[in-house]
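Biologist: I am new to this model and would ask for a close look at its salt bridges. Which residues form them, and are these residues buried or exposed?

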Amino acid sequence: MSVRQYNVILLFSLLLLLSSCSGQRTEQQVLRIQSGQNLRLLTTTDIHYLSPRLTDNGPAFRSFLAAGDGKQLNYSDEMLEALDLDIGIRRPAAVIISGDLTNNGEKASHQDLAGHLRAIEQRTGTRIYVIPGNHDVMNPWARRFEGERQIRTDSVTPKNFRSIYSEFGYGEALLRDNDSLSYLAAPSEDLWLLMLDTSQYSSNKKLGHPQLDGQLTGSTLRWIDRCGELAAKNGAQIVAVMHHSLLDHSEFLQEGFTLNNNEQAAAALIRNGITTVFSGHIHFQDIRKSDKGIYDVANSALSVYPHQYGILDYSPASRTLDYNTAKLNVELWAKSAGSTDPNLVNFSAYSEEAFRKLSADRSYARLTADSSYDGYKQEQLEAMADVVGRLNEIYFSGTADKDIAAVTSSEGFRLWQTAPYSGLKSYVQRMSELELKDNNHFVTKFPQW
């Protein structure tokens with residue numbers, strides 16, 4: 001959607017005078033896309049941005065990367081520049097970022113990320129809306145890396161977060177929740193965004209680590225009703241965005257990933273006509289639909305292979321939302337920027353190999369440490385470990401429907417079939433039975449008000 005489609009029109013005079021939850025009036029006049037026009041949005045999550053100011057790329061940082069889960073933190077700036085380029089090409093009206101904006105909530109990372117987002121808005125005319133994830137606020141793990149040391153650095157409070165990202169949703173909110181960093185925004189007259197803060201961070205200091213699980217308080221659930229009532233009065237549809245999953249996306253990962261009170265949250269959304277949710281946190285691509293008709297789309301983490309985002313095309317005429325994924329085109333950015341870094345010039349292949357190797361190396365170490373596998377040759381164990389890496393690639397990409405058959409027909413997988421029992425074997429067997437469904441595309445129709 002071109003910036004030219006932002007008509008010089010205000011959403012009804014009522015919206016200019018809406019009271020926030022705190023009773024304060026919002027006076028910022030925001031231009032919105034006129035009713036009846038198609039709308040394109042880009043959704044992404046789990047950027048886990050680390051400011052280059054916080055690392056010297058020395059031993060401590062390299063060790064941190066090696067012990068991690070595949071985040072390409074060493075290319076934080078480059079991936080954001082690539083996202084900027086993709087946004088300029090795809091021309092969405094708005095970008096939605098559903099939490100874990102930073103590596104571990106470092107204040108410097110938040111400040112520098114906000115600078116990047118500001119530049120993207122200025123260059124493309126695309127609006128950006130953010131919410132925090134469990135890594136972003138009051139995080140005791142906030143660190144900078146210097147030589148062989150990890151050194152504590154400043155994190156942010158909820159007030160700091162709202163201030164730093166005031167230009168990215170909070171300053172133009174129609175309604176704001178008193179009990180969290182949730183807010184309601186309207187990039188267009190027809191489609192509104194319910195940006196829900198599901199993270200819990202008030203106990204982080206006491207715990208000594210960021211709290212993994214998420215929840216919506218009773219107060220926030222009641223606030224959702226206010227948002228639904230306002231949207232209904234103005235004939236707008238709502239899409240919800242949250243960091244934690246609304247529905248279970250995995251038999252392996254549920255506790256700490258699915259919202260603690262997901263049934264109450266789903267009920268609140270459904271009674272307000274909200275049938276589509278976009279989430280993050282879990283880092284892999286998966287689409288689920290509940291028996292009550294609500295979708296939860298868990299988007300891949302932008303910072304982790306396959307480095308993809310979602311494109312939403314909304315048609316107010318048919319009230320349909322069409323969702324597809326697209327990979328971050330780092331190679332195109334590298335070419336346009338004149339980069340000679342081979343990892344960036346061949347980023348897709350580099351990232352895939354690094355992600356698979358990370359899983360495979362850890363699996364190989366487990367196999368060689370298990371005496372039950374002493375009778376296997378090195379090349380057999382390597383083939384079996386590679387199967388784990390390939391299965392994890394498929395899991396994170398959401399491509400079991402296309403790619404699982406090639407893995408289950410391999411020699412490495414055949415070796416697993418006759419291998420001694422182990423936790424890793426159980427994992428391989430269950431992963432090989434992933435549901436063969438399309439996790440990278442869906443179309444849904446909004447209910448009639």
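Modeller: At 27% relative accessibility, Arg-288 counts as partly exposed, a class lying between buried (under 20% relative accessible area) and exposed (over 50%), with a 1.4 Å probe and protein chains only. Its partner Asp-286 is buried, at 5%. The two side chains meet in a salt bridge with an N to O distance of 2.6 Å; the term denotes a side-chain nitrogen of Lys or Arg within 4 Å of a carboxyl oxygen of Asp or Glu. Salt bridges with shared partners also join Glu-352, Arg-356, Asp-386 and Glu-393 into one network.

The model is predicted, so local features need pLDDT of at least 70 and side-chain atom pairs count only at pLDDT 80 or more, while totals for chains, interfaces and linings use all residues. Residues are numbered from 1 along each chain as its sequence is written, and side-chain values use heavy atoms, leaving out hydrogens and water.

By the salt-bridge rule the count is 16. One of them pairs Arg-40 with Asp-313, whose closest N and O atoms are 2.8 Å apart. Because Arg-40 belongs to strand β1 (residues 39-44) and Asp-313 to strand β13 (residues 308-315), this pair ties together parts 273 residues apart in sequence. Helices (H or I, at least four residues) and strands (E, at least two) are DSSP runs, numbered from the N terminus. Arg-40 is partly exposed at 24% relative accessibility, and Asp-313 is partly exposed at 28%.
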